[in-house]
Amino acid sequence: MAQTETTSLPIAAPRVRSGARAATWLGVAPFFLFALMFLIGPTFMLLIGAFQDAEGQFTLANMAKLLQPNIVSAYWISIKVSAASAVLGAAFGFGLAYAAVLGGLPRFVRPVLMTFSGVASNFAGIPLSFAFLATLGRLGLVTVLLMELFGFNLYRTGFNLLSFWGLTLTYLYFQIPLMVLILAPALDGLKPEWREASSILGASGWQYWRHVAFPVLWPAILGTTLLLFANAFGAVATAYALTGSSLNIVTILLYAQIRGDVLHDQNLGYALALGMILITGISNGAYILLRARAERWLR
Amino acid sequence: MKPNRIGPWIAIALGALYFLLPLIGTFEFSLRMRRGEYSFDAYQVVLADPRFQSSVAYSALLAVATIVIGILLILPTAYWIRLKLPRLAPVVEFITLMPLIIPPIVLVFGYLRFYNSSSFLPMTGNVRATDLLLTFGYVVLSLPYMYRAIDTGLRAIDVRTLTEAAESLGASRATILFRVILPNVRSAVLSGAFLTFAIVIGEFVLGSLLNRPVFASYMQLVGANRAYEPAALAIIAFVVTWGCMGLIQVFGRARYMARAEKG
Amino acid sequence: MPFLELQGITKAFGQQQVVRQMDLSIARGEFVSFLGPSGCGKTTTLRMVAGFERPTTGTVSIDGREVTDLRPNQRDIGMVFQSYALFPNMTVAGNIGFGLRVARRPAEEIRARVAEMLEIVKLPQHAGRYPYQLSGGQQQRVALARALAVRPKVLLLDEPLSALDAKIRVSLREEIRALQRDLGITTIYVTHDQEEALSMSDRIVVMSEGRVEQIGSPFEIYNYPRTRFVASFVGTLNLLEGRVLDPDSGRIAVDGQEIVSARGLAGSQAGETRVVALRPEALSLQNGHLDHNRLRGTIDEVSFLGSVVRVRVSLGGSAISLDMFNQASVPPPARGAPVTVSFAREDLVVLDRA
């Protein structure tokens, strides 16, 4: 560039311009530096570590170790709990959002539900597990009341809060509200005219949902469900405080691994982490792909 | 064609049952400490515990630091992206959403490896540096919410015109950002801030694995060793979360009303 | 026997009366417009015909069958909405075939009917597009095709053109009218645009505040408005107050100048004040026919509107506007010049008392 400059042209001009452009990029430098140092860098180092042995040599041994039965089962339970709580959360959340937005209920219902959802979706972790222990634990209010009022022993039925269903039931407490929060605006996007147009063309209410409303909402429902899945899959605190180490889910396995409670094999830990990122990454990737297909009729 | 309202009422009733029972159950349980009668003993025990006070203070301090750092980092970035580099918006948005894909436990595991005592930047080696690392971690966790809140706020105002107007009056960049832009997105920033506060105050994994005395670690400890105090703690945590969300509502409505008056 | 009949229709939302006592008979194949400002009840009336609203009192009958209590999907009606209301998740063909699909018609029949409708609305190449890929005018054609594909007995159009550009509006309204004539479908068209109503309709129902002000052909509505509201809502109009001199011969004085209404002033009393209306285009600055009315005044204002020159003439107390064609050879009159305005006795319309 400098070669084309002649004395007749002010040399300073392009320099100022490129300087200004550098300054423009400088404006976002702190953010990218921060993201690199505290988000991308550390995660990337884990991914590298997953393919290294203790001496830093390349190996696939850690990946192979992921196939140990207890690790596979940990992943499997995690996936089951996450999937169950995501699908049920999406279904019940949809029902609640539908009732509040389109159900023709009094006006106060909606803001109350939305505010409560904002609170409940953030009421996760340790205190949530306390709340469920105090309610459905062996001495919990509901357990005791069922026993005293109906002579019904909840725990005789095989129910256990420290189990797959117990954990799923607990996770639903933040999953359902999250679905409500995201889906209510999407339900607002359904134009009343669509329903009227379909009705006047002879469609029943069910046919309207089947052919119009549900296909329009599908990307939002699917996307939120996958978000709920990732949300549950990465959760540690609720399960840890609820079940201690008795329920073998992958986050608790990794937690114990990091704390050095169990066998101390750092590189296996990296592989565990890689597996987790893969699963949340795949669920998000699937969401993006499906969404692109479902949304080809949107801008 | 009035919609049939029985179904919706049943849905709301079942939802209310599911969501209120644990709260009622917890509250009832928290009152049972004294034999044979209800009392607030569990709350007294908890509130009088110096470790409760210190862990709440510590977490609250970190939350405030997280909010300040988060705003200082995100507001200029979001502003700059809107003003000068709209092409970068998808990239920045993707980065801010990454914490939803990368579970916190993986993130902190990465920190432990990246900043261990033998690394180029041994932040886990000393207590103050670890506090800083923990705060940065919280900033990362709050990124999806904070960025979205601020970006939504910026979208609602005409960033370019405001900037040009301020520039034409001779204002510097910093003046524009903190005396023109920030006041205009204050309610958006505040709602992001309260959400961040709620997240940080209850966060367990980062604090626990970086070995810092955060509130959630204290709760976990109490939960493992005591019977009635955890229920009292859960109620306290719920009230705090409710307070944060309530403040978001208040500030959200304040903005709405200001706009209604203008219109 | 009327094809579509509204009898004693009223509609109230809570305390508010939106439609008051509406009676209307529409013949098979007729094109009727509901014209009025927003909030006059025209859309509510249309929605009662469609079945989206239930009349508080009164009945709706279509083709000899009372449909008041039937749901919209049982009424055999086609409707076009202001916002198009195309289903965003379906292609053009999917939208047009929707009604036949939910009626479980055979696929072959649906395909043929969709192709036919696409041909009729002149969009044969757009079958596979999605609504967002179409212009507003194209979307509204698809909406029209979708409404007609099921061969409804009645077609309802709710301000179908008001979201479109002026140019497309004119061409599409001609198309809609031609299509309606070809198919012979009974049609109700809701609009607040008097030009649309005048140019398209067999009959116009002018509505105001939930009441029918006047029902008549475009010619009647425009030339012989019965009420002040109709007169002022449809076209530009000069309204003047006159003192009745002789009800029998139709003589009336405006600003002390005597004029005659050809239609008489039956029902008035001498000395009473009545409102009379004059269309700007009925007035002339030429002397005109011998028995024309004449009013003397001075030119107050001259505005050049292109093909037309609008002149305001002060008559002393009141003023009237008149339109004259712009002719390059004739310069417009100067302000302050004394003039005589003349008009035929038939053009003087005496309005009903308010």
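What percentage of the 299 residues of chain A count as buried? The answer is 51%. Keep in mind as you read that this is a predicted model. The points below start with chain A, move on to the annotated parts of chain B, and finish with two residues worth finding on the screen.

**Chain A as a whole**
- Follow chain A from the N terminus and you meet one α element after another.
- Chain A has 13 helices, and its strand count is 0.
- Among the contacts in chain A with a separation of 6 or more, 70% are between residues 24 or more positions apart.
- The accessible surface of chain A is about 13,800 Å². Carbon and sulfur atoms contribute 68% of that surface.

**What the record says about chain B**
- An unreviewed UniProt entry places the annotation "domain: ABC transmembrane type-1" on residues 56–248 of chain B.
- In the model, that span of chain B is 81% helix and 0% strand. Its end C-alpha atoms lie 21 Å apart.
- The unreviewed UniProt entry also gives the annotation "transmembrane region" to several stretches of chain B, including residues 7–27, 91–112 and 230–252.
- Residues 56–79 of chain B are another stretch with this annotation. Here the model shows 100% helix and 0% strand, and the end C-alpha atoms are 33 Å apart.
- Residues 188–210 of chain B carry the "transmembrane region" annotation too. This span is 87% helix and 0% strand, with 31 Å between its end C-alpha atoms.

**Two residues with a positive phi**
- A little background helps here: most residues other than glycine have a negative phi.
- Asn211(B) has a phi near 60 degrees, a positive value in a residue other than glycine. Look for Asn211(B) in the loop between helix 10 (205–209) and helix 11 (215–225) of chain B.
- Is Asn211(B) buried or exposed? Its relative accessible area is 66%, and exposed means over 50%, so Asn211(B) is exposed.
- Glu159(C) has a phi near 45 degrees, which is again a positive value in a residue other than glycine. You can find Glu159(C) in the loop between strand 7 (154–158) and helix 5 (166–183) of chain C.
- Why does Glu159(C) count as buried? Its relative accessibility is 9%, and buried means under 20%, so Glu159(C) falls in the buried group.
- Put side by side, Asn211(B) is an exposed loop residue, whereas Glu159(C) is a buried loop residue.

Notes
Residues numbered from 1 in each chain as written. Chains lettered and ligands numbered in written order. Predicted model: local features only at pLDDT ≥ 70, side-chain atom pairs only at ≥ 80, totals over all residues. Heavy atoms only, no water. Helix = DSSP H or I, 4+ residues; strand = E, 2+ residues; numbered from the N terminus. Buried < 20%, exposed > 50% of the residue type's maximum accessible area, 1.4 Å probe, protein only. Contact = heavy atoms within 4.5 Å. Areas by Shrake-Rupley, 256 points an atom, 1.4 Å probe, with all protein chains shown as cover. UniProt positions renumbered as here; feature names shortened; annotations may be inferred.
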